Amino acid sequence: MELIQHTENWVSGEVFQGKVMLAIGIACLIAWIAIFRSEHTILKGTLIPMALMLVVFLGYGGMQAIVRPKHTAKLQQLMEQNGVEEALKHETEYLKGGDKAYSTLKPIWAALIILSVVLYFVFKTDYLKGLSIGLMALFLTLVVLDTTLQYRLSKYLNAIQSLV
């Protein structure tokens, strides 16, 4: 049953982060609408990256809040069907895959942040400067989200590996 308790702790953190992401997504949507209606060229340049941020906040945040709670029930069902050892093995492999994805993506986001900074100084028009600012914000957001998700995942992975 310790496995289920660790899973419930991890899932509750994921759901909380999903709800926070949804709230931030709603605030970004309001800002996006305001920028869309404005005449400021630099701000207009941020609309495309902000739209991608909205997809991340509302899409992934919504998935975290809606779908993630079912993870515990799926794990319990797996434990009943195949036993605790098989459930531990399955969950460990699942988490290792997520950890690898987060570890792979963070350096990519960091490189894209640097590229966006360079592009800001290369671009001459206000719209393109705004685009590069928006891309910086997007990639910084992705680094922060992936870091927090990976941190919580690694704590959960360590907890269930100690059960083996």
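These notebook entries record what I looked up about aromatic rings in this predicted model.

**Entry 1: aromatic pairs.** I searched the whole structure and found 4 aromatic pairs. I then took up two of the pairs in turn, beginning with W10 and Y156.

**Entry 2: W10 and Y156.** I noted that the rings of W10 and Y156 are stacked, with 4.9 Å from centre to centre and 10 degrees between their planes. I asked which helices hold the two residues. W10 belongs to helix α1 (residues 2-37) and Y156 to helix α6 (residues 126-161), so this pair ties together parts that lie 146 residues apart in sequence. I also asked whether W10 is buried or exposed. W10 has a relative accessibility of 4% and therefore counts as buried, the cut-off being under 20%. For Y156 I recorded a relative accessible area of 3%, and Y156 is likewise buried.

**Entry 3: W32 and F36.** I found a stacked pair in W32 and F36, whose ring centres are 5.3 Å apart and whose planes differ by 10 degrees. Both residues lie in helix α1; being 4 residues apart there, they are separated by about one helical turn. I looked up their accessibility as well: W32, at 24%, counts as partly exposed, and F36 is partly exposed with a relative accessible area of 49%.

**Entry 4: lysines over rings.** I returned to F36 and asked which residue lies over its face. The residue is K44, at 5.1 Å from the ring centre. I recorded a further case at Y120, where K129 lies over the face of the ring, 4.3 Å from its centre.

Methods. Residues are numbered from 1 along each chain as its sequence is written. This is a predicted model: local features need pLDDT of at least 70, side-chain atom pairs count only at pLDDT 80 or more; totals for chains, interfaces and linings use all residues. Side-chain values use heavy atoms; hydrogens and water are left out. Rings of Phe, Tyr and Trp (its six-membered ring) pair if their centres lie within 6.5 Å; planes under 30 degrees apart count as stacked, over 60 as edge-to-face and the rest as tilted. Buried means under 20% relative accessible area, exposed over 50%, partly exposed in between (1.4 Å probe, protein chains only). A charge sits over a ring if NZ of Lys or CZ of Arg is within 6 Å of the ring centre and within 35 degrees of the ring normal.
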